[in-house]
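Let's take a walk through this protein together, starting with the whole chain and then stopping at a few spots along the way. Keep the structure open beside you as you read.

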Amino acid sequence: MSPARISVLPMRCIALLGLSLLMSAHTLAQTTPTGRIEGTAWQHTPASLAASVARAALVLPERATGGARYTGAFSARPATQGQAVPVVLFLHGSSGLGLSAIATWQQWLADQGIASLAPDSFALPERVTYQSPISAQDYERIHALRGSEIAPALAALQAQTWADARRIVLAGTSEGAVAVARYAGDGVAARMVFSWSCEANYFVQAPRNAFAPGQPVLNLISSTDPYFSRSNPWLGAAEAQGHCATALKDNPRASVLLIPNAPHTLLNWPAAQDAVAGFLRRALAERPAP
């Protein structure tokens, strides 16, 4: 047996390597921002969960109302004379419903004949807000908060005559998308995960994805997402790919689309809308009632 070969670096190389590592650590320290948390409320109460639905942004297409399109709060929804239509239950990101892109996207969904409901996570008084990065433990408390918002919104939808309970799509972006990927309940026909990579990084202690086997899933994210792609110098995961392909690799009904040089919020980018329209047509094809 030949003796194992052992390479020995000259001392000068070792010194240069050590200097390089120190410089890399210094650079990382310089590029990692300092996070911040504001607010004191980390858990919903029964009252705030009810309020998150009451204050949810609702858009009903004309087919659902039997008249004019409705845009407003769920609590102010009109009596309808239309038909049951597909619905997207959408969880906003950390910016809340104040992000104008969400309202624009909901109108676009209505143009496709699809209703949408976006619960208001900030119905919780003193709800925590943050500037990333914060600790993984604190992110997980926020993810638990967001996950608790799905069941009451879903129950409210299932009670509406204008909502086709067989064709409810659960969707979310960024912070909201984590809850979508982790949802382990039933009652949804498909999922859309925007601007989240479903993998280990600074934003979670572990991905804990709970995709139902064979359920249609669409993942859309920028190839240069500032938070979850390798463009982020403080991503915190050397093996991260920046998308959900690994999490969805065994699902033949899953699609992953990386959009080149798109921003973090890409709901209304033409490539994103094209992909969503095609995905919804396939996932929500008319099916006979059970």
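**A walk through the chain**

Among contacts in the protein chain between residues at least 6 apart in sequence, 70% join residues at least 24 apart. Keep in mind that what you are looking at is a predicted model. The protein chain has 8 helices and 10 strands, and 47% of its 290 residues count as buried. As for the outside, the accessible surface of the protein chain comes to about 13,900 Å², and carbon and sulfur atoms account for 58% of that.

Let's begin with strand β4, which is where you'll find L89. Is L89 buried or exposed? Its relative accessible area is 0%, so L89 is buried. Look at what surrounds it: leaving out neighbours within four places in sequence, L89 is in contact with L117, P119, I150, A153, L154, L157, I168, V169, L170 and A171. You can also pick out S116, which sits 27 residues away from L89 along the chain, yet the two C-alpha atoms are separated by just 5.9 Å.

Now step off the end of the strand. H92 lies in the loop between β4 (85-91) and α4. Being in a loop doesn't put H92 on the outside here: H92 has a relative accessible area of 0% and is therefore buried. Which residues does H92 touch, not counting those up to four places away in sequence? The list runs L97, I102, P119, D120, S121, F122, R146, T173 and G176. If you've been keeping track, P119 has come up before, as one of the contacts of L89.

Two other names on that H92 list, R146 and G176, lead us on to a pair of helices. Helix α5 (residues 136-147) and helix α7 (residues 175-182) have axes that come within 9 Å and cross at roughly 70°. An angle from 65 to 115 degrees counts as roughly perpendicular, so that is the label for α5 and α7. Their crossing is right-handed. From α5, the contact is made by E140, I142, H143, R146 and G147, and from α7 by E175, G176, V178, A179 and R182. Sort the residues where α5 meets α7 by class and you get 3 nonpolar, 3 polar and 4 charged.

The other helix pair to look at is α4 (residues 100-111) with α8 (residues 270-283). These pack at an angle of about 40°, and their axes are 12 Å apart. How are α4 and α8 placed relative to each other? They are oblique, because an angle of about 40° is outside the ranges for roughly parallel, antiparallel or perpendicular. The crossing of α4 and α8 is right-handed. On the α4 side you'll see W105, W108 and L109, which meet Q273, V276, A277 and L280 on the α8 side. The residues of this contact divide into 6 nonpolar, 1 polar and no charged.

Next, some backbone geometry to check. Most residues other than glycine have a negative phi, and most peptide bonds are trans. Against that background, look at the peptide bond from S132 to P133: it is cis, with omega near 0°. P133 is in the loop between β6 (129-131) and α5.

Two residues are worth a stop for phi. E126 is not a glycine, but its phi is positive, about 60°. You'll find E126 in the loop between β5 (115-118) and β6, and with a relative accessible area of 56%, E126 is exposed. C198 also has a positive phi without being a glycine, with a value near 60°. The place of C198 is the loop between β8 (190-194) and β9 (217-222), and at 4% relative accessible area, C198 is buried.

Our last stop is S255, in strand β10 (residues 254-259). Its relative accessibility is 29%, so S255 counts as partly exposed. Apart from neighbours within four places in sequence, S255 is in contact with V217, L218 and N219. From S255 to A245, C-alpha to C-alpha, the distance is 8.1 Å, and the two are 10 residues apart in sequence.

Conventions. Residues numbered from 1 in each chain as written. Predicted model: local features only at pLDDT ≥ 70, side-chain atom pairs only at ≥ 80, totals over all residues. Heavy atoms only, no water. Axes fitted to C-alpha atoms, helices over the stretch in contact; angles between N-to-C directions. Helix = DSSP H or I, 4+ residues; strand = E, 2+ residues; numbered from the N terminus. Parallel < 35°, antiparallel > 145°, perpendicular 65-115°, else oblique. Left-handed = near helix turned anticlockwise from the far one by under 90°. Contact = heavy atoms within 4.5 Å. Nonpolar A, V, L, I, M, F, W, Y, C, P; charged D, E, K, R; others polar. Buried < 20%, exposed > 50% of the residue type's maximum accessible area, 1.4 Å probe, protein only. Areas by Shrake-Rupley, 256 points an atom, 1.4 Å probe, with all protein chains shown as cover.
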